[in-house]
Amino acid sequence: MKIPAFGLGTYRLKGQTAIDSVRTGLELGYRHIDTAQIYGNEAEVGQAIADSGVARDTLFLTTKIWTENLSRERLIPSLRDSLAKLRTDRVDLTLIHWPSPGGAVPVAESLQTLAEAQDAGLTGAIGVSNFNIALLREAFDAVGAPRIATNQVELHPYLQNRALAAFAREHGLQLTSYMTLAYGKVLADPVLSEIAARHDATVAQVALAWAMQQGHAVIPSSTRRENLAGNLRAQNLRLSEDDMARIAALDRGERLVDPEGLAPKWD
């Protein structure tokens, strides 16, 4: 399956801030919402959806299983707990958030259990996050490449993950880009600023359009209504081949998310 190309991320959003962001996003037309067990905001996301009046079957809802819940014994109970917080009987996509630290729980165990959750109707699709090529091969061996819907990874103009992206394309796997704006670092980039000015667009729109034009899904977050609305308009922006080439030249391997003890050996 294809992940909706544009979604709303909720990383770092807590309490009323999370409720307000999701509620505003839904009002503006967002229909793909991304959360995770470790974000501590699944209940707030569920409340915002319930309060919005938006029909559940029009939404694409993603959550992610935290590392302490990757074992066969804990994975499905933890997912059921997530569903209760989200006030739904299923999510549309469930991801392994990070590979098990030190390989304590084998990839095959987690993904085969997640596949059982999918067969039971608890999740529409399954996938992974923060997997390198070696781990993706393990995932494919465990449940078959077609069953992995996405690999959600840090990907932005300064970290373009070319080896991983090429491997994903070769195997028909869609990537989901998180941190597409590099914690806001790209917003001051002169190349992106010049491209944005020429298109009468924002720099954020250019970065998001760049990722989507490569076939990646994006899940930017914001707490400001004008930014949420502006980001959404990135779907209507088409960059030229020259624009894309100039952005490609910005890659400098600048990784911003690399937690010790969690991160695999990156490609």
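**Exercise 1. Strand E3**

Determine how many residues of strand E3 in this predicted model are buried, and explain what this implies for its surroundings.

*Solution.* Step 1: Strand E3 spans residues 60-65, and 6 of its 6 residues are buried. The cut-off applied here is a relative accessible area under 20%. Step 2: In a regular strand, side chains alternate between the two faces of the sheet. One side of E3 carries Phe-60, Thr-62 and Lys-64, the other carries Leu-61, Thr-63 and Ile-65, and all of these are buried. Both faces of E3 are therefore covered. Step 3: Because 6 of the 6 residues are buried, E3 is largely enclosed by the rest of the structure.

**Exercise 2. The neighbours of E3**

Identify the strands joined to E3 by bridges, and state which way the pairs run.

*Solution.* Step 1: Strand E2 (residues 32-34) is joined to E3 by 3 bridges, and the two run parallel. Within this pair, Asp-34 stands opposite Thr-62. From E2 the chain passes through helix H2 (residues 42-52) to E3, a right-handed β-α-β crossover.

Step 2: Strand E4 (residues 91-96) is joined to E3 by 4 bridges, again with parallel direction. Here Lys-64 of E3 faces Leu-95 of E4. The chain crosses from E3 to E4 by way of helix H3 (residues 72-86), and this β-α-β crossover is right-handed.

**Exercise 3. The sheet as a whole**

Give the strand order of the open sheet, and locate its edge strands.

*Solution.* Step 1: The sheet is open and has 8 strands, in the order E1-E2-E3-E4-E5-E6-E7-E8, with parallel pairing. Step 2: Its edges are strand E1 (8-9) and strand E8 (217-218), each of which pairs on one side only. Step 3: Continuing from E4 in the strand order, 5 bridges join E4 to strand E5 (residues 123-129), and these strands run parallel. Val-91 stands opposite Thr-123 in this pair.

**Exercise 4. The annotated residue His-97**

Locate His-97, decide whether it is buried or exposed, and list its contacts.

*Solution.* Step 1: An unreviewed UniProt entry places the feature "binding site" at His-97. Step 2: His-97 lies in the loop between E4 and helix H4 (107-119). Step 3: The relative accessibility of His-97 is 6%, so the residue counts as buried. Step 4: Leaving aside residues up to four places away in sequence, His-97 touches Ala-36, Ile-38, Tyr-39, Lys-64, Ile-65, Trp-66, Ser-129 and Asn-130. Lys-64 and Ile-65 in this list were met above as buried residues of E3.

**Exercise 5. The largest nonpolar core**

Find which residues of the largest nonpolar core touch the most other members, and which helix gives the most to this core.

*Solution.* Step 1: The core has 74 residues, of which Leu-111 and Leu-239 touch the most other members. Step 2: Helix H8 (residues 203-213) gives the most to the core, with 9 residues. Step 3: Residues up to four places away in sequence being excluded, the contacts of Leu-111 are Ile-96, Ile-126, Gly-127, Val-128, Ala-139, Ala-142, Val-143 and Ile-148.

**Exercise 6. Salt bridges**

State how many salt bridges the whole structure contains, and analyse the pairs Arg-56 with Asp-92, Lys-85 with Asp-81, and Glu-254 with Lys-185.

*Solution.* Step 1: The search of the whole structure finds 16 salt bridges.

Step 2: In the pair Arg-56 and Asp-92, the closest N and O atoms are 3.0 Å apart. Arg-56 belongs to the loop between H2 and E3, and Asp-92 to strand E4, so the pair ties together parts that are 36 residues apart in sequence. Both partners are buried.

Step 3: Lys-85 and Asp-81 form a salt bridge with an N to O distance of 3.3 Å. These two residues are 4 apart in helix H3, which means that about one helical turn separates them. Lys-85, at 37% relative accessibility, is partly exposed, and Asp-81, at 41%, is also partly exposed.

Step 4: Glu-254 and Lys-185 meet at 2.5 Å, N to O. This pair links distant parts of the chain, 69 residues apart: Glu-254 lies in the segment after helix H10 (241-248), and Lys-185 in the loop between strand E7 (174-178) and helix H7 (190-198). Glu-254 is buried at 17% relative accessibility, whereas Lys-185 is partly exposed at 43%.

Step 5: Salt bridges with shared partners join Glu-194, Arg-198, Asp-243 and Arg-246 into one network.

Key
Residues numbered from 1 in each chain as written. Predicted model: local features only at pLDDT ≥ 70, side-chain atom pairs only at ≥ 80, totals over all residues. Heavy atoms only, no water. Buried < 20%, exposed > 50% of the residue type's maximum accessible area, 1.4 Å probe, protein only. Pairing = 2+ DSSP bridges. Right-handed = clockwise from strand over helix to strand, strands pointing away. UniProt positions renumbered as here; feature names shortened; annotations may be inferred. Contact = heavy atoms within 4.5 Å. Core = buried A, V, L, I, M, F, W, Y, C linked by side-chain atoms within 4.5 Å. Salt bridge = Lys/Arg side-chain N within 4 Å of Asp/Glu carboxyl O.
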